[in-house]
Every structure is written in structure tokens, then in C-alpha cells.
Amino acid sequence: MSIEAYILYAITALLLLISFIKDKDKTKKGLIKGAKSFFQLMPVLLPLFLFIGILLAIVTPEFISSVLGPESGLLGYLFGLVVGSITFMPPFVAYPLGVELLANGAAYPQVAGFLVALMSVGLVYYSAESKLFSKKSAILRNLISFIGAIIVILVVLVVY
Amino acid sequence: MLKFIKKNKFLLLSVLMLIIISIIDITLTYKAFTNTWDQVLSMLMIVPPIFALIGLFDVWVDRETVIKLMGSNSGIKGMALAFFLGAFSAGPTLAAFPLALIMLKKGAKYSNVLFFLMVWSSLKLPIVFYQITTIGFKFSMIINLTMLIIFVLGALLSEKLFKKEELETLQKKAINYSK
């Protein structure tokens with residue numbers, strides 16, 4: 001488990017304890033409600049994991065390094081944005097990969113665009129997100145993040 | 001049958017991809033399954049606290065409070081709170097969806113919920129710290145400040161793009177998911 005997970009557990013335990021001291025019945029009711037929404041949401045979320053598992057098998061860090069090389073040019077920018085938008089990667093894999101890409105000669109703006117798209121655009125979540133909220137909402141959130149990634153590229157181009 | 005296909009497009013797409021990669025290289029399939037299992041496990045690790053928090057939120061925080069703090073007239077304060085909640089979080093964006101739903105259910109403004117989701121996806125503190133230690137302070141800050149501005153503007157703009165009825169449907173859906 002990561003440190004962030006421990007913190008999450010600690011905060012939840014503390015709040016549960018406070019809640020329990022203040023009102024036992026309310027706490028019980030809350031936990032039952034939480035469990036209920038868990039069982040309602042899981043069927044929507046589970047198919048996602050299979051998809052993410054397949055993606056992670058195909059789009060490995062090595063694959064990305066080979067695509068985002070120093071000579072990839074404008075196409076490389078586009079590729080970084082697209083690959084970043086489609087795939088999913090935990091941050092502790094993504095950022096070291098970013099460092100490696102830079103060390104291998106990839107340009108700063110290109111790496112920035114890739115990392116931002118990777119973190120903020122979540123096309124893998126699209127199916128679940130459009131079911132839970134709405135298609136329009138899911139498209140808007142991803143679109144805003146994608147435009148954001150392009151703007152970040154431009155900003156980094158100016159600064160570096 | 002058609003309805004089943006329509007409802008499970010995503011699952012069917014995954015199965016199709018599995019068949020294709022099995023033909024290309026069976027070790028890829030094996031890897032895909034191990035990855036899936038790892039993902040499910042890591043999700044299950046953070047799921048109990050998330051849903052406990054949702055339950056507690058549901059019973060302790062009443063609608064009026066949420067409307068006052070994050071509702072349509074909450075202004076900058078509502079946005080600041082959305083930022084705070086998104087930044088002090090842990091886990092993948094997927095884990096934020098149930099929390100966003102309960103916020104909507106309790107009457108939070110759509111733009112605030114969207115902003116919360118976007119901050120969670122890329123500006124949460126654990127990520128920012130990790131960013132700084134890997135790609136450096138300057139590079140991280142350029143990226144994060146730019147994204148923060150885009151998220152604020154994007155969230156405000158999105159709210160405008162929704163009709164009143166559409167926002168009401170969103171809220172109704174959210175209520176259905178946590179009865």
C-alpha cells in the first residue's frame with residue numbers, strides 16, 4: 001500500500017471514531033449506506049479494470065520511450081498527447097518515465113504534454129463516467145483536460 | 001441481445017482485444033490478466049475508506065450545509081473548498097467518482113463538482129510532491145499552475161454549457177446511486 005492509502009485509512013478511522021462517539025446509530029447507518037453505494041457502483045467500475053490491465057500490457061514504458069524519442073518532431077507531440085489520453089498509468093510509474101524521456105533527449109514540452117494528458121485525460125474512465133454522470137459531462141471533462149495539455153505544451157515552449 | 005451489446009460495449013471491446021493479443025502473443029494475455037488482478041487489488045485496498053467516508057458524509061452533512069458551502073451561490077468559497085477536497089485526496093480518479101456523486105446528490109454546484117474531479121485527477125498533493133521530486137520544482141509548477149487556471153475556467157464554462165434540465169438529470173442520477 002502506498003503512503004497516500006495509509007493517510008486515507010488514518011483519516012477515515014479518525015472520523016469513524018469521532019462519529020461513533022457522537023452517535024452510534026448514525027455511524028452504523030452511514031456505514032450501511034456506504035456499503036450499499038459500493039455494491040451499486042462496482043458493476044459499473046469493474047469492467048474498467050480488465051481494460052486497464054490489457055492497456056498496461058500493451059503500452060509499456062519501453063513502448064512509450066520508443067515513440068517519444070528526440071527525433072519524433074511534431075508527430076511526437078501529437079503522439080504524446082494521444083497516448084497520454086488513452087492510457088492509464090499510476091503516478092509512480094509516469095513521472096520516472098517522464099524523467100527518463102527527458103534524459104533520452106525528448107523535449108520538455110513534449111514530455112509535459114504527455115504527462116498532463118496522462119494524468120488529467122482519462123479516456124479509460126469514459127464508459128464509467130458517462131454512465132455515472134452523463135456523456136456530455138464525461139466528454140467535457142476530458143476535452144477541457146486535453147485542451148489544457150495543449151496549452152501546457154505552448155506554455156512550456158515559451159518558458160524553456 | 002442488441003441491448004446487451006450496447007450496454008456492455010466496453011466489456012466486449014476488452015474481450016475482443018484479449019482475443020487479438022492472444023493471437024499475437026499469449027504472454028501478453030497473461031500479463032493483461034495479472035495487471036487486471038493487480039488493479040482490482042489496489043482498488044479494493046482504497047475502496048473501504050472511500051465508501052466509509054461517503055456513508056459518513058451522507059448521514060452527517062445535510063443538504064442545506066452543502067448547498068451553502070458548495071451550491072449555486074457559493075462563489076469563490078465553493079470553488080476553494082472543491083479545490084481543497086480534491087487536493088487533499090488519495091487514489092485514482094476512479095475513486096473520486098463516488099465522492100463527486102454524493103456531492104451532486106447533496107446539492108453542490110456542477111461546476112464545483114467538475115472542478116473537484118479535475119483537481120483530483122492531476123493536482124492532488126501526493127502527486128504534486130512526487131512530481132517535484134522527479135521532474136523538478138520549476139517544471140512541475142509551470143504545468144500545475146497552467147492546469148489550475150484551465151480547470152477553473154473550464155469548470156465555469158462547462159456549467160454554462162448545461163441546460164437547467166440537464167443539471168437536474170445529473171442530480172437525479174446521483175441520488176439514485178446512493179439511496
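Let me start with burial in chain A. Buried residues account for 42% of its 160 residues. Bear in mind that this is a predicted model. The scores are ipTM 0.87 and pTM 0.88.

Staying with chain A. The chain has eight helices and zero strands. Along the sequence the pattern reads α-α-α-α-α-α-α-α. Now the overall dimensions. The radius of gyration of chain A is 20 Å, and the globule rule gives 15 Å for 160 residues, so the chain is more spread out than a compact globule. The box around its C-alpha atoms, along the principal axes, is roughly 65 × 30 × 30 Å. On to contacts. Take the pairs in chain A that are at least 6 apart in sequence: 76% of those contacts join residues at least 24 apart.

One residue in chain A to look at: A:Tyr6. You will find it in helix H1, residues 3–22. Is A:Tyr6 buried or exposed? Exposed, because it has 11 C-beta neighbours inside 10 Å, and 12 or fewer is the cut-off for that class. From A:Tyr6 go 12 residues along the chain to A:Ile18; their C-alpha atoms are separated by 18 Å.

Next, chain B. Mean pLDDT is 90 here, and 99% of the residues reach 70 or more. The count is 10 helices and zero strands. From the N terminus, that gives α-α-α-α-α-α-α-α-α-α. The C-alpha box of chain B is roughly 55 × 50 × 35 Å along the principal axes. Chain B has 179 residues, and 44% of them count as buried. For contacts in chain B between residues at least 6 apart, 78% join residues at least 24 apart.

Let me pick out one helix, H7 of chain B. Does its length add up? Its 14 residues should span 20 Å at 1.5 Å a residue, and the end C-alpha atoms sit 19 Å apart, so the two agree. How many residues of H7(B) are buried? 14 of the 14, so this helix is largely enclosed by the rest of the structure.

That leads to the core. The largest nonpolar core holds 93 residues. Which residues have the most contacts inside it? B:Ala100, B:Met103, B:Phe115 and B:Phe116. As for helices, H3 of chain B, residues 26–60, gives the most to this core, with 11 residues. Zoom in on B:Phe116. Leaving out residues up to four places away in sequence, B:Phe116 touches B:Ala82, B:Leu85, B:Gly86, B:Ala100 and B:Met103. So two of the partners, B:Ala100 and B:Met103, are also on that list of residues with the most core contacts.

Last topic, the contact between the chains. Chain B puts in 60 residues and chain A puts in 64. On the chain B side, several helices each supply at least two residues, among them H2 (9–24), H6 (93–105), H7 (110–123) and H9 (137–161). Which helix gives the most to the side of chain B that touches chain A? H3(B), with 22 residues. By class, that side of chain B has 41 nonpolar, 16 polar and three charged residues.

To wrap up. H3(B) gives the most to the largest nonpolar core, and H3(B) also gives the most to the side of chain B that touches chain A.

Definitions and conventions. Residues are numbered from 1 along each chain as its sequence is written. Chains are lettered from A and ligands numbered from 1 in the order in which they are written. This is a predicted model: local features need pLDDT of at least 70, side-chain atom pairs count only at pLDDT 80 or more; totals for chains, interfaces and linings use all residues. A nonpolar core is a set of buried Ala, Val, Leu, Ile, Met, Phe, Trp, Tyr and Cys residues joined through C-beta atoms within 7 Å. A residue is buried if 20 or more other C-beta atoms lie within 10 Å of its own, exposed if 12 or fewer, and partly exposed in between; C-beta atoms are placed from the backbone. Helices (H or I, at least four residues) and strands (E, at least two) are DSSP runs, numbered from the N terminus. Two residues are in contact if their C-beta atoms, placed from the backbone, lie within 7 Å. pLDDT is the predictor's confidence in each residue, from 0 to 100. Ala, Val, Leu, Ile, Met, Phe, Trp, Tyr, Cys and Pro count as nonpolar, Asp, Glu, Lys and Arg as charged, and the others, Gly among them, as polar. The expected span of a helix is 1.5 Å times one less than its number of residues. The radius of gyration is taken over C-alpha atoms; the globule rule is 2.2 Å times the number of residues to the power 0.38.
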